[in-house]
Amino acid sequence: MAMTIHVDIVSAEKAIFSGKAEMVYAETVSGEVGIAPRHTQLIAQMRPGEVRLHNEGKQDEMFWVSGGILEVQPHQITVLADTAERADDLDEARAKEAIERAEKAMADKKSSIDFAKAQAELAEAMAQLRVIDKLRKIKK
Amino acid sequence: MASTKELRTQIASIQSTQKITSAMEMVAASKMRRAQDRMHASRPYAEKIRAVIHHLALAHPEYKHPFMQKQDQIKRVGLVIISSDRGLCGGLNTNLFRKLAKLMGEWEAKGLEIDVALFGGKAVSFFKRLKVNIVAELSDIGDAPEHDVMLGNIKVMLDAYAEGKIGKLCIAYNQFVSAMTQEPVVETLLPLDPGDNDDDIKYYWDYIYEPEAEVVLDTLLKRYIESLVYQGVVENKASEMAARMVAMKSATDNAGELIAELKLVYNKARQAAITQEISEIVSGAAAVE
């Protein structure tokens with residue numbers, strides 16, 4: 001049996017996932033990382049995007065996080081997400097709506113603060129859509 | 001003896017009070033259950049982030065974040081106080097404020113100055129009357145406290161600590177022990193307690209930081225404090241509901257007792273009136289004969 005690493009995904013509201021994986025992919029602010037068991041200690045800031053757990057012979061499990069912190073210990077990975085969902089629970093229509101709303105807000109920017117907020121919302125919604133698209137491809 | 005009519009109105013008014021208190025008891029009971037759920041739901045995050053912070057304390061970071069450094073001489077203390085927004089919850093807030101007044105007295109005796117950040121209407125109205133330096137306040141938190149609205153209050157304190165204005169940051173709230181007991185507690189938030197790491201200096205390691213130690217640690221530690229404060233607010237909410245439930249239950253019981261007593265007096269008065277009437281009729285009839 002392949003080596004596995006324990007993964008915990010929690011958001012401020014609830015625990016999302018706790019289990020084992022052979023490989024974990026996550027998106028940090030400086031790019032996507034793939035983490036195998038016995039990885040060295042790492043602590044990273046995450047950007048909105050997916051967290052993917054790979055297990056041989058099983059379908060990948062996908063989660064969506066809106067950002068947060070990723071901590072890696074040799075035998076344990078902790079994802080402290082601001083908000084997180086299982087990818088299956090994501091709602092495509094709602095993500096698209098959010099994108100429209102954010103784009104509109106950016107178009108008639110009133111102040112720089114609003115603009116930054118709209119941009120962050122847009123990035124989040126885009127990341128959600130990316131995850132949904134990917135999930136759909138896997139299922140086909 | 002009060003007239004029967006007066007007694008009747010008195011009983012009716014107590015009965016309507018009892019109806020209100022028993023309704024409030026039921027509302028508090030159901031809200032307590034929801035508050036408890038919320039408390040449990042936010043626990044995994046708090047536990048995990050605490051574990052990460054513990055790991056961090058065991059590591060040997062090159063960069064020392066201001067939150068992890070102790071000030072040699074503390075001149076000013078920050079205090080985050082969490083209370084309920086509404087009253088009618090027994091001695092919940094009073095117990096907390098009494099404990100705090102004592103603690104603040106001790107601090108002042110030591111020559112420390114105190115900055116307070118307040119959550120909840122009761123704390124705001126209480127501490128406004130005292131001569132304390134209020135740096136931030138927030139009332140009307142609602143039944144489902146949201147993270148975002150609290151950030152302002154917390155940020156004021158964290159910034160003050162980072163700038164070295166305050167040398168210590170504490171949080172005070174009512175801990176939810178059970179539906180019957182709530183305990184006022186004061187905990188230290190900053191400086192972070194690095195814990196006992198003597199046994200773990202077996203080998204030397206540090207994290208890889210992405211993007212940079214400063215940025216990541218700053219985010220992580222802020223999240224940690226925020227999650228602790230959030231936990232405090234949620235726990236205080238559950239305590240409030242539990243205390244209100246108990247207070248309203250005893251108010252309902254008291255009203256019941258009062259009604260029983262008044263009913264007794266009322267029946268006696270009614271009986272006396274009837275007896276008097278009969279004796280009047282009898283004596284009237286006797287006079288005619």
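Axes here are lines fitted to C-alpha atoms, for helices over the stretch in contact, and an angle between two of them runs from 0 to 180 degrees, taken between N-to-C directions. Keep in mind through all the views below that this is a predicted model.

**View 1. Helix α2(B) crosses helix α6(B).** Start with two helices of chain B: α2, covering residues 43-58, and α6, covering residues 213-288. Their axes come within 10 Å, and the crossing angle is roughly 140 degrees. The crossing is left-handed. On the α2(B) side, look for Tyr45(B), Ala46(B), Ile49(B), Val52(B) and Ile53(B). They meet Leu220(B), Arg223(B), Tyr224(B), Ser227(B) and Gln231(B) of α6(B). Sorted by class, that makes 7 nonpolar, 2 polar and 1 charged residues in the contact between α2(B) and α6(B).

**View 2. The open sheet of chain B has 5 strands.** Reading across, the order is β3-β2-β1-β4-β5, and the pairing is mixed. Which strands stand at the edges? They are β3 and β5 of chain B; each has a single partner strand, so one side of each has no neighbour in the sheet. From one strand to the next, the twist averages 20 degrees.

**View 3. Strands β2(B) and β3(B) run parallel, with a helix packed on the sheet.** Strand β2(B), residues 113-119, is joined to β3(B) by 5 bridges. For a landmark, find Ala117(B), which sits opposite Ala136(B) in β3(B). The helix to look for is α4(B), residues 121-129, which packs on the sheet and touches β1, β2 and β3 of chain B. Its direction makes about 150 degrees with that of β2(B).

**View 4. Two loops of chain B hold residues with a positive phi.** Most residues other than glycine have a negative phi. Leu88(B), though, has phi near 55 degrees, and its home is the loop between β1 (76-82) and α3 (92-109) of chain B. Asp140(B) also has phi near 55 degrees; look for Asp140(B) in the loop between β3 (133-138) and α5 (147-162) of chain B. How exposed is each of them? Leu88(B) has 15 other C-beta atoms within 10 Å, so Leu88(B) is partly exposed. Asp140(B) counts as exposed because there are 9 C-beta neighbours inside 10 Å, and the cut-off for exposed is 12 or fewer.

**View 5. Two cis peptide bonds lead into prolines of chain B.** Most peptide bonds are trans. Here, Leu190(B) and Pro191(B) are joined by a cis bond, with omega about 0 degrees. Pro191(B) belongs to the loop between β5 (182-190) and β6 (208-210) of chain B. The bond from Glu210(B) to Pro211(B) is cis too, with omega near 0 degrees. Pro211(B) is in the loop between β6 and α6 of chain B.

**View 6. Chain B meets chain A.** Chain B puts 22 residues into this contact, and chain A puts in 21 residues. Which elements of chain B give two or more residues to the side that touches chain A? They are α2, β6 and α6. That side of chain B divides into 14 nonpolar, 5 polar and 3 charged residues. There is strand pairing between the chains as well: β5(A), residues 42-54, and β6(B) pair in the parallel sense over 3 bridges. To spot the pairing, find Ile43(A), whose bridge partner in β6(B) is Tyr209(B).

Key
Residues are numbered from 1 along each chain as its sequence is written. Chains are lettered from A and ligands numbered from 1 in the order in which they are written. This is a predicted model: local features need pLDDT of at least 70, side-chain atom pairs count only at pLDDT 80 or more; totals for chains, interfaces and linings use all residues. Helices (H or I, at least four residues) and strands (E, at least two) are DSSP runs, numbered from the N terminus. A crossing is left-handed if the near helix is turned anticlockwise from the far one by less than a right angle, and right-handed if clockwise. Two residues are in contact if their C-beta atoms, placed from the backbone, lie within 7 Å. Ala, Val, Leu, Ile, Met, Phe, Trp, Tyr, Cys and Pro count as nonpolar, Asp, Glu, Lys and Arg as charged, and the others, Gly among them, as polar. A residue is buried if 20 or more other C-beta atoms lie within 10 Å of its own, exposed if 12 or fewer, and partly exposed in between; C-beta atoms are placed from the backbone. Two strands pair if DSSP finds at least two bridges between them.
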